[in-house]
Amino acid sequence: MQTGLSWAVNNYNALPNSLNFNLAFGNNTAGADIIVYKINNASGGGSAGFPSNNGRPYRYIRINSGTDAFTTNVNEHVIGHEIGHCVG
């Protein structure tokens, strides 16, 4: 899943626009604009909301632990999709 997250972030950073992500792993989320976390359940996929609060990204991406059973490419796709929700 971490590799899929890294790939998804790299995909967004490669786009020709001013949006740029800095990826960090750990528990210190105080300065994070978007937090990606995994919940333990058998389902695949994830969920996230849409921007609000004066255009700021939605803060949380929930990835279901069942997604880990899929390939890194599927994880990249799912996480990239959820990032898209957060940034609109």
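Helices (H or I, at least four residues) and strands (E, at least two) are DSSP runs, numbered from the N terminus. With that in hand, let's start the tour at D33, which sits in the loop between α1 and β1 (35–39). Before you click, note that this is a predicted model, where local features need pLDDT of at least 70, side-chain atom pairs count only at pLDDT 80 or more, and totals for chains, interfaces and linings use all residues. Residues are numbered from 1 along each chain as its sequence is written, and side-chain values use heavy atoms, with hydrogens and water left out.

**Stop 1: D33**

Select D33 and show its surface. D33 has a relative accessible area of 41%, so it counts as partly exposed (buried is under 20% relative accessible area, exposed over 50%, partly exposed in between, with a 1.4 Å probe and protein chains only). Now add R56, P57, Y58 and R59: D33 is in contact with these four, leaving aside its neighbours within four places in sequence (contact means heavy atoms within 4.5 Å). Then draw a C-alpha to C-alpha distance from D33 to G45; the two are twelve residues apart in sequence and 21 Å apart in space.

**Stop 2: the whole chain**

Zoom out and colour by secondary structure. You should find two helices and three strands, following the pattern α-β-β-β-α along the sequence. Along the principal axes, the C-alpha atoms fill a box of roughly 35 × 25 × 25 Å. Of the 88 residues, 25% count as buried. Contacts also reach far along the sequence: among those with a separation of 6 or more, 61% come from residues 24 or more positions apart.

**Stop 3: the core**

Which residues make up the largest nonpolar core? Select L5, A8, V9, Y12, F21, I61, I63, V78, I79, I83 and C86, eleven residues in total. Here a nonpolar core is a set of buried Ala, Val, Leu, Ile, Met, Phe, Trp, Tyr and Cys residues joined through side-chain atoms within 4.5 Å. Colour α1 (2–13), β3 (60–64) and α2 (72–87), since each supplies at least two residues of this core. Next, centre on I79: beyond its neighbours within four places in sequence, I79 is in contact with M1, G4, L5, A8 and I63.

**Stop 4: S52**

Finish at S52, in the loop between β2 (46–48) and β3. Is S52 buried or partly exposed? Its relative accessibility is 45%, so S52 counts as partly exposed. Add G88 to the selection: S52 and G88 are 36 residues apart in sequence, yet 9.4 Å apart in space, C-alpha to C-alpha.
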